[in-house]
Amino acid sequence: MIPRIPHNDFGVLSPPALGAWEPTLTVTVVIPAHDRQETLNLTLAALSAQSYPEHLLDVIVVDDGSATPLYLPDLAPARTKLISSPPGGWGRAWAVQAGLDAATGEVVFVLDADMVPHRRHVEAQLRWHHLAPYVVALGWIDFTGPGPLPAPEQVVAALAEGAEERLFPLSPHRHDWAEQIIHDHDGLRTAPSSLATRIHVGATVSYPAALLRSAGGMDTSLVLAEDTELGYRLTQAGAVYVPDPESRAWHLGLPTAMRDHGALKRYNDPYVADRVPYRRYLRTDAGRQWLVPYVDVTVSKGAYEDVRATVDSLLAGSPPDVRVTVTGPWELLTPERRSPLADPHLDLRLVHAAFEHDPRVHFSPPPTGTAPFRLSVPPGWVVSKDTVERLVAYLEEHDSGTLCVVLEETADGVTTARLDRTAALSRAALVAGPGEHLDDLVDALFGLEWVDGETWGFRRRPAVYPPRRRPPSEVAVLTARHEQELARYRKRVAALRAELAQARRAAGKNGRDAARWREKAEAWRQEAVRLTRERNRTVLKRAVRRVRNLAFPGD
């Protein structure tokens, strides 16, 4: 039985120790090369001293239009051949594809012509391919510092002695971003699908030949960023990425990505944005359409009003990179004479007429681009503006495989919508045994969850559809809502102003009353003082008279 690896957790596999197992798989090493004879000589010399059995290994060097044609040196694996890139294209992807087309190995090992692998480099990666037929194994790269290159004979001698570390001075530069992702996610075992694909670097990487071919091989229209694009498609095909620190190799000098990162990124961004939907930060332009959509939606045939309502709501959603396919027997729409209103295929014909010229809507699966997510919605159900975006965000947050959305339950059964992760479906198909249900495998490998449709913004279409008048635009709705809020605020402000005026009037009256009371109080005080003084004088006069009467009683 094929091993079942959940997510990217290759820890369920137990690779043998290097040198302690017996390989059986054949491997073809493909080396694309352009004007790199000196470094190619070292690459081939190192391959001639590999620990992997010589009878299981062959090498194809692809000369990608070198100014001086390449040749095979004396020190090279016994089964090495040199071919030229075929006419019609150029670049690394074109050369690698030429090698893939000529390869006969069960595993294809791509190695750049400026790489010098350690003795067990090929063996370390190939042991993983013996365990599962959907593993993509990656080598561990050290970059060389400045200095003269050794002779091919010195490379062979160093590998034989296990002294590869002494071949070159070590540069302080590393693939820090990739190694950081690997370190932060337990060697990549806990990395989510959309992140694991990022560490696919093509300088030293091996693929099951059948998986690589089923994914479509190289995108030969690209002359840069081909590794990024291929890594994305391999993820959708169900691949598991295994970076192996024991598969070490020297990279002679620094790659372009390190020497001129800004210029390389500027060149790659539009190509990557068009082909890799995971790079959301590259798709910030409102309303843009891309070669590969983020979500592929399928709506099955049905009544015209039902299908149109469903498709309209999907196209009006917040993620712009959504592609809709309406399924149906479109071959029945022939041009022969018919009664237009009594046409037995009238609804089918009206649906076709409604969306025939919308480039976002297709009537058969489009030939280009595999989206990372697939959504199916039955006709007659509409979604809110953010439904698709929320569903995908939930699936990404939990790195889940499938969300089954319950729309309604009747005596006839349960009506559902469904969002699938393409990688999960592909992985389940790769490991499925006879009679096994894919949903059970998706649940075991990535997780399958049931949710309520109303909670996620699904509802039945309006009774009248299409609407008889054009619905107000979002701007008009927001404007009306803001006008209502302003009217409420104005009414409240008017009430507050009235209250303030009343308070001011009351305060004025109270002020006048207080002034009057102050005047009265002052008058009363003065009166009290006057009366007190008069009383005091009266008492004094009486006392004086009494004293006089006592002193002069006869007066």
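Tutor: Two strands pair if DSSP finds at least two bridges between them. Strands here are DSSP runs of E, at least two residues long, and helices are runs of H or I, at least four, both numbered from the N terminus. This is a predicted model, where local features need pLDDT of at least 70, side-chain atom pairs count only at pLDDT 80 or more, and totals for chains, interfaces and linings use all residues. Residues are numbered from 1 along each chain as its sequence is written, and side-chain values use heavy atoms, without hydrogens and water.

Student: How do you know that strand 14 and strand 15 are joined?

Tutor: Eight bridges link strand 14 (residues 402-410) and strand 15 (residues 413-421), so the pairing rule is met. The two run antiparallel. Leucine 403, for instance, has leucine 419 of strand 15 as its bridge partner.

Student: What makes the sheet open, and in which order do its strands come?

Tutor: Seven strands line up as 11-10-9-12-15-14-16, with mixed pairing. Strand 11 (361-362) and strand 16 (448-452) are the edges: each has a single partner strand, so one side of each lacks a neighbour in the sheet.

Student: Which strands does helix 13 touch?

Tutor: Contact means heavy atoms within 4.5 Å. Helix 13 (residues 387-398) packs on the sheet, touching strand 9 (295-299), strand 12 (373-377), strand 14, strand 15 and strand 16. Helix 14 (residues 422-431) also packs on the sheet, against strand 12 and strand 15.

Student: What angles do these helices make with strand 15?

Tutor: Angles run from 0 to 180 degrees between N-to-C directions, with axes fitted to C-alpha atoms, for helices over the stretch in contact. Helix 13 makes about 65 degrees with strand 15, and helix 14 about 95 degrees.
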